[in-house]
Amino acid sequence: MKKSQAEIIREYGPFDNAPRVNGVTFDGQHVWFASGEKLHALNPESGEQVRTIDVASHAGTAFDGRHLYQIAEDKIHKVDPGTGKILSTIPAPGNGGDSGLAWSDGSLWVGQHRGRKIYEIDPETGAIRRTIESNRIVTGVTWVDGELWHGTWEGDESDVRRVDPVTGEVLERLEMPEGTGVSGLESDGKDRVYAGGGGSGKLRAIRRPR
C-alpha cells in the first residue's frame with residue numbers, strides 16, 4: 001500500500017450561507033456542495049458561489065451528466081439542476097446511516113458511515129447491486145479513471161484512500177492534516193479531488209497522485 005500526505009492545493013470557505021459542507025460533486029464546470037438545506041454551486045476558479053437550490057442535503061451528492069442526486073436522511077432525491085425540482089426519490093441503502101454518494105457506469109455508489117461499507121445501487125429502484133467492506137468509517141465516495149476512492153474520518157484522523165472495488169483492499173492512502181476531516185468527496189476527472197470539511201464549513205481541493 002502506498003501512503004503519503006495529502007497535498008491541499010486550495011481551501012474555500014467557510015461560507016456565510018452554508019453552516020457545513022456535507023456532500024460534494026462536480027458537473028464539469030461547477031463544484032456543488034450540500035450544506036443541510038441547500039445545494040450550492042461554486043466556481044472553483046474564482047471561489048464564488050453562482051447559485052443555490054433549496055433541497056434537503058444531509059449527506060452525499062452526485063452528478064450523472066444531467067441530474068444531481070442528493071442524500072436526504074434515509075432517501076436519495078434525483079434533482080433537476082436547472083429548476084431545482086425533485087424528479088424522483090429512492091430509498092437509501094443505509095436507512096439514514098448513509099454518507100458519500102457517487103455516479104459511475106450507470107450506478108450510484110453510496111457510502112454507509114458507521115456500517116463501514118460502500119454499496120453499488122440501481123439509481124431507478126435503490127436495489128443493491130454490490131457491497132464493498134471497509135475497515136474505516138466511510139465518508140465521501142468518488143470514481144475517477146476506473147479507480148474507487150473514499151474518505152474516512154474518525155476522531156481527529158482522516159484520509160482519502162483508493163481501494164480495490166472488488167475486495168475493498170486499501171491500495172493507497174492520502175493522510176489529511178490532523179484535525180482536518182473529510183465529509184463529501186468528488187474528483188474533477190483530472191488532477192484534483194474536492195473534499196468537504198463537514199462542520200468546519202470548508203471545501204478543500206486535494207491533488208490526486210498520478
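Phe33 is buried, at 0% relative accessibility. In this predicted model, Phe33 belongs to strand S4 (residues 31–34), while its ring partner Phe15 sits in the loop between strand S2 (8–12) and strand S3 (24–26). The points below cover the aromatic residues, the hairpins around strand S13, an open sheet of five strands and one cavity of 30 Å³ or more.

**Aromatic residues**

- The structure has four aromatic pairs.
- In one of them, the ring centres of Phe15 and Phe33 are 5.0 Å apart and the planes meet at 25°; planes under 30 degrees apart count as stacked, so this pair is stacked.
- Because Phe15 lies in the loop between S2 and S3 and Phe33 in S4, the pair ties together parts of the chain that are 18 residues apart in sequence.
- Phe15 has a relative accessible area of 12% and is buried; Phe33 is also buried, at 0%.
- Trp32 is another residue of strand S4, and its relative accessibility of 4% makes it buried.
- Between the C-alpha atoms of Trp32 and Tyr194 the separation is 10.0 Å, although these positions lie 162 residues apart in the count along the chain.

**Strand S13 and its two hairpins**

- Strand S13 (residues 117–121) is mostly covered, with four of its five residues buried.
- On one side, S13 pairs with strand S12 (residues 107–112) in the antiparallel sense, over five bridges.
- Within this pairing, Tyr119 of S13 stands opposite Val110.
- Four residues separate the strands in the hairpin of S12 and S13, and Arg116 there takes a positive phi near 55°.
- S13 also runs antiparallel to S14, again with five bridges.
- Here Glu120 has Arg130 in S14 as its bridge partner.
- The hairpin of S13 and S14 has six residues between the strands, and Gly126 in its turn has a positive phi of about 85°.

**The open sheet**

- Five strands make up an open sheet with mixed pairing, in the order S1-S18-S17-S16-S15.
- Strand S1 (2–5) and strand S15 (138–144) are the edge strands; each has a single partner strand, so one side of each lacks a neighbour in the sheet.
- On average, and with direction ignored, neighbouring strands of this sheet are turned by 20° against each other.
- Strand S16 (residues 147–154) and S17 run antiparallel and are joined by seven bridges.
- One of the residues bridged in this way is Trp149, whose partner in S17 is Arg162.

**The cavity**

- The structure contains one cavity of 30 Å³ or more.
- The largest cavity holds about 50 Å³ of space.
- Its lining consists of Ile118, Ile132, Glu133, Ser134, Asn135, His150, Arg161, Val163, Gly168 and Val170.
- By class, four of the lining residues are nonpolar, four are polar and two are charged.
- Strand S14 (128–133) and strand S17 (157–163) each contribute at least two residues to this lining.
- Which strand pairs with S14 in the antiparallel sense, over five bridges? That strand is S13.
- S17, for its part, is joined to S16 by seven bridges.

Conventions:
Residues numbered from 1 in each chain as written. Predicted model: local features only at pLDDT ≥ 70, side-chain atom pairs only at ≥ 80, totals over all residues. Heavy atoms only, no water. Phe/Tyr/Trp six-rings, centres within 6.5 Å; stacked < 30°, edge-to-face > 60°. Buried < 20%, exposed > 50% of the residue type's maximum accessible area, 1.4 Å probe, protein only. 1 Å grid on protein atoms, 1.4 Å probe; cavity = no way out; pocket = protein on both sides within 12 Å on 5 of 7 lines; lining within 4 Å. Points joined across faces, edges and corners; volume = space filled by probe spheres on them. Nonpolar A, V, L, I, M, F, W, Y, C, P; charged D, E, K, R; others polar. Pairing = 2+ DSSP bridges. Axes fitted to C-alpha atoms, helices over the stretch in contact; angles between N-to-C directions.
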